[in-house]
Amino acid sequence: MSEDSITEGFREKDTGSSADLSGSTVGDYRVLRRLGQGGMGQVYLAEQISLRRKVALKFLRSDLASNKDSLKRFQNEAETVAQATHPSIVQVYAIGESNGRHFMALEYVEGRNLREYLSFKGTLDLAAALSVLRQIVSALVRASELGIVHRDIKPENIRSEEHTSELQS
């Protein structure tokens, strides 16, 4: 299980940055489709062209990018999360800027989020629920050790590779 980690939730607040970037190329990344949007910006599925791998690109909202404190927070988040090696925390591959758009490239986790899984399968039995909770708590403990506070813990921000085949049937 990987958390859509230490990143904030995906609720768009800036109407100026809501343009869909799908189909565009940003640096070494071909943007495929939007995965979500939130308080800090938008997240897209992309292909890293040079390595031919899928990544999640998190774009900082333009109004936040023009605020030096917000931009510094975004950069600090990337640097800190890059240190958080843990099986339940996505890895940060890169941070960058292209045409004034600040972004971080993150590990993309195949599978469904916990909300989708619960909608498909229903209530978890006790053993499964405890397993999920152990993984979440373990990731949050690791994040806390690094001084990271996840500001948007919810089922949509928790992903699992384990149940992908079950959910696609």
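In the predicted model, N99 is located in the loop that runs between β6 and β7 (101-107). The phi angle of N99 is near 50 degrees, a positive value in a residue other than glycine. With a relative accessibility of 77%, N99 counts as exposed. A positive phi also occurs at R52, where the angle is near 50 degrees and the residue is again other than glycine. R52 belongs to the loop between β4 and β5, and its relative accessible area of 72% places R52 among the exposed residues.

The secondary structure of the chain consists of 5 helices and 9 strands. In sequence order these elements follow the pattern β-β-β-β-β-α-α-β-β-β-α-α-β-α. The chain has 169 residues, of which 45% count as buried. Its exposed surface amounts to about 8800 Å², and carbon and sulfur atoms supply 49% of that area. When contacts are restricted to residues at least 6 apart in sequence, 61% of them join residues at least 24 apart.

Six of the strands are assembled into an open sheet with antiparallel pairing, in the order β2-β3-β4-β5-β7-β6. The edges are occupied by β2 (25-26) and β6 (92-98); each has a single partner strand, so one side of each is left without a neighbour in the sheet. In general, the strands of a sheet pair through backbone hydrogen bonds, in either a parallel or an antiparallel manner. At the β2 edge, 2 bridges join β2 to β3, and the two strands run antiparallel. Within this part of the sheet, V26 stands opposite Y29 in β3.

Y29 also appears in the surroundings of Q48, a residue of strand β4. Leaving aside neighbours within four places in sequence, Q48 is in contact with D28, Y29, R53 and V55. Two of these contacts are accompanied by polar contacts between side chains: the side chain of Q48 lies 3.4 Å from that of D28 in one such contact, and a polar contact of 2.6 Å joins the side chains of Q48 and R53. Q48 itself is buried, its relative accessible area being 8%.

Charged side chains were examined next. Side chains of opposite charge can pair when their charged atoms come close. A search of the whole structure finds 6 salt bridges, three of which are described here: E47 with R30, K58 with E77, and E145 with R142.

In the salt bridge between E47 and R30, the closest N and O atoms are 2.7 Å apart. E47 lies in strand β4 (residues 41-48) and R30 in strand β3 (residues 29-37), so the pair ties together parts that are 17 residues apart in sequence. Both partners are partly exposed: the relative accessible area is 22% for E47 and 34% for R30.

The salt bridge formed by the side chains of K58 and E77 has an N to O distance of 3.1 Å. This pair links distant parts of the chain, with K58 in strand β5 (residues 53-60) and E77 in helix α2 (residues 68-82), 19 residues apart. K58 is buried, with a relative accessible area of 3%, and E77 likewise counts as buried at 12% relative accessibility. Because the limit for the buried class is under 20% relative accessible area, the values of 3% for K58 and 12% for E77 place both residues in that class, whereas the 22% of E47 corresponds to the partly exposed class.

A further salt bridge connects the side chains of E145 and R142, at 3.2 Å from N to O. Both residues belong to helix α4 (residues 126-145), where, being 3 residues apart, they are separated by about one helical turn. E145 counts as exposed, with a relative accessibility of 55%.

Helix α4 also contains L133, a residue that contributes to a nonpolar patch on the surface. The patch covers about 300 Å² and is made by L126, L130 and L133. At 48% relative accessibility, L133 counts as partly exposed.

Notes:
Residues are numbered from 1 along each chain as its sequence is written. This is a predicted model: local features need pLDDT of at least 70, side-chain atom pairs count only at pLDDT 80 or more; totals for chains, interfaces and linings use all residues. Side-chain values use heavy atoms; hydrogens and water are left out. Helices (H or I, at least four residues) and strands (E, at least two) are DSSP runs, numbered from the N terminus. Buried means under 20% relative accessible area, exposed over 50%, partly exposed in between (1.4 Å probe, protein chains only). Contact means heavy atoms within 4.5 Å. Accessible areas come from the Shrake-Rupley method with a 1.4 Å probe; for residues, only the protein chains shown count as cover. A salt bridge is a side-chain nitrogen of Lys or Arg within 4 Å of a carboxyl oxygen of Asp or Glu. Two strands pair if DSSP finds at least two bridges between them. Patches are made of residues with over 30% relative accessible area and no salt bridge: like charges are joined within 9 Å, nonpolar side chains (Val, Leu, Ile, Met, Phe, Trp, Tyr) within 5 Å. A polar contact is a pair of N or O atoms within 3.5 Å; within protein, one must be able to donate a hydrogen and the other to accept it, and residues adjacent in sequence count only if both atoms are side-chain atoms.
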